[in-house]
Amino acid sequence: MKPTALSALSLSLRLCSCESSGQERPDPSGLYEVSTKGSSDKVKAGEKGKLVIEIRTKPGAHVSAEAPVRVELKGKNVSLDKEKLTGADSTAKPEPGKEGVNPHFEVPFAGQSAGKGGVDGEATFFVCTEVGTPVCLRQKKSISVPVEVN
């Protein structure tokens with residue numbers, strides 16, 4: 001088997017492990033945070049700002065490097081340089097000895113006209129538990145960053 005086929009098989013086994021063993025699926029929502037800290041909240045019309053998105057896992061979990069990470073964004077009164085992101089757009093690098101990576105995205109945007117605006121979106125990713133039987137579960141998290149355009 002190719003390494004990619006083996007990785008997909010491994011992930012499939014992790015995803016199915018709860019159902020086949022009769023165990024209840026764990027709730028991984030407390031094992032990570034999605035942060036927009038560092039995002040611009042004020043920009044002048046025609047000038048650039050920056051949207052920052054980071055998915056940070058807590059001890060005992062990681063974001064799967066084998067499963068897709070997707071972020072879909074829409075701007076209101078701002079124009080985004082990119083509206084669809086994948087794991088390849090993350091600026092985060094793997095840490096030695098740590099499974100997975102905490103995805104970190106930075107997306108430039110420009111203010112359009114004076115008034116209220118913002119960026120809304122949704123991040124889709126898989127969080128894997130590291131305690132007990134490893135399980136990877138799909139997560140969807142809404143993102144909303146208000147931006148005042150002057």
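Q: Which residue in strand 9 stands opposite V63?
A: In this predicted model, V63 stands opposite V127 in strand 9. Strands here are DSSP runs of E with at least two residues, and helices are runs of H or I with at least four, both numbered from the N terminus.

Q: What makes strand 4 and strand 9 a pair?
A: Two strands pair if DSSP finds at least two bridges between them. Strand 4 and strand 9 are joined by 3 bridges and run antiparallel, so the condition is met.

Q: On what basis are residues numbered and features admitted?
A: Residues are numbered from 1 along each chain as its sequence is written, and side-chain values use heavy atoms, with hydrogens and water left out. As the model is predicted, local features need pLDDT of at least 70 and side-chain atom pairs count only at pLDDT 80 or more, while totals for chains, interfaces and linings use all residues.

Q: What is the average confidence of the chain, and which stretch has pLDDT below 50?
A: The chain averages a pLDDT (the predictor's confidence in each residue, from 0 to 100) of 86, and 83% of the residues score at least 70. Over residues 1-21 the pLDDT is below 50, and this stretch has 27 contacts in the model beyond near neighbours in sequence. Where pLDDT is low, the predicted coordinates should not be read in detail.

Q: What secondary structure does the chain hold, and in what order?
A: The chain comes to 1 helix and 10 strands. From the N terminus on, the helix is followed by the strands: α-β-β-β-β-β-β-β-β-β-β.

Q: Why is Q139 called buried?
A: Q139 has 11% relative accessibility. Buried means under 20% relative accessible area, exposed over 50%, and partly exposed in between (1.4 Å probe, protein chains only). The value of 11% is under 20%, so Q139 counts as buried. Q139 lies in strand 10, residues 136-149.

Q: What makes the approach of Q139 to Y32 a polar contact?
A: The side chains of Q139 and Y32 make a polar contact at 2.9 Å. The term requires a pair of N or O atoms within 3.5 Å; within protein, one must be able to donate a hydrogen and the other to accept it, and residues adjacent in sequence count only if both atoms are side-chain atoms. Leaving aside neighbours within four places in sequence, the contacts (heavy atoms within 4.5 Å) of Q139 include P28, S29, Y32 and F125.

Q: Why is E148 called partly exposed?
A: E148 has 30% relative accessibility and therefore counts as partly exposed. E148 also lies in strand 10. Its contacts, apart from neighbours within four places in sequence, are D41, K42, V43, G115 and K116.

Q: How do you know that strand 10 pairs with strand 9 and with strand 2?
A: Strand 9 and strand 10 pair in the antiparallel sense over 14 bridges; K116 stands opposite E148, and G115 has V149 as its bridge partner. Strand 2 (residues 42-43) is joined to strand 10 by 2 bridges, and these two strands run parallel. There V43 stands opposite V149. In the hairpin of strand 9 and strand 10, with 6 residues between the strands, G132 takes a positive phi near 70 degrees.

Q: Why is strand 9 described as largely enclosed by the rest of the structure?
A: Of the 15 residues of strand 9, 11 are buried, so strand 9 is largely enclosed by the rest of the structure. Strand 9 also pairs with strand 5, in the antiparallel sense over 7 bridges, where V71 stands opposite A123.

Q: What makes strand 8 largely enclosed, and how is strand 8 joined to strand 3 and strand 6?
A: Strand 8 has 6 of its 8 residues buried, so the rest of the structure largely encloses it. To strand 3, strand 8 is joined antiparallel by 7 bridges, with G49 opposite F109. To strand 6, strand 8 is joined antiparallel by 3 bridges, and S79 has A110 as its bridge partner.

Q: Which residues have the most contacts inside the largest nonpolar core, and why is the term used?
A: A nonpolar core is a set of buried Ala, Val, Leu, Ile, Met, Phe, Trp, Tyr and Cys residues joined through side-chain atoms within 4.5 Å. The largest such core has 24 residues, and those with the most contacts inside it are L51, I53, V71, L73, F109, F125 and V147. Elements giving two or more residues to this core include strand 3 (48-57), strand 5 (70-76), strand 8 (104-111) and strand 9 (115-129).
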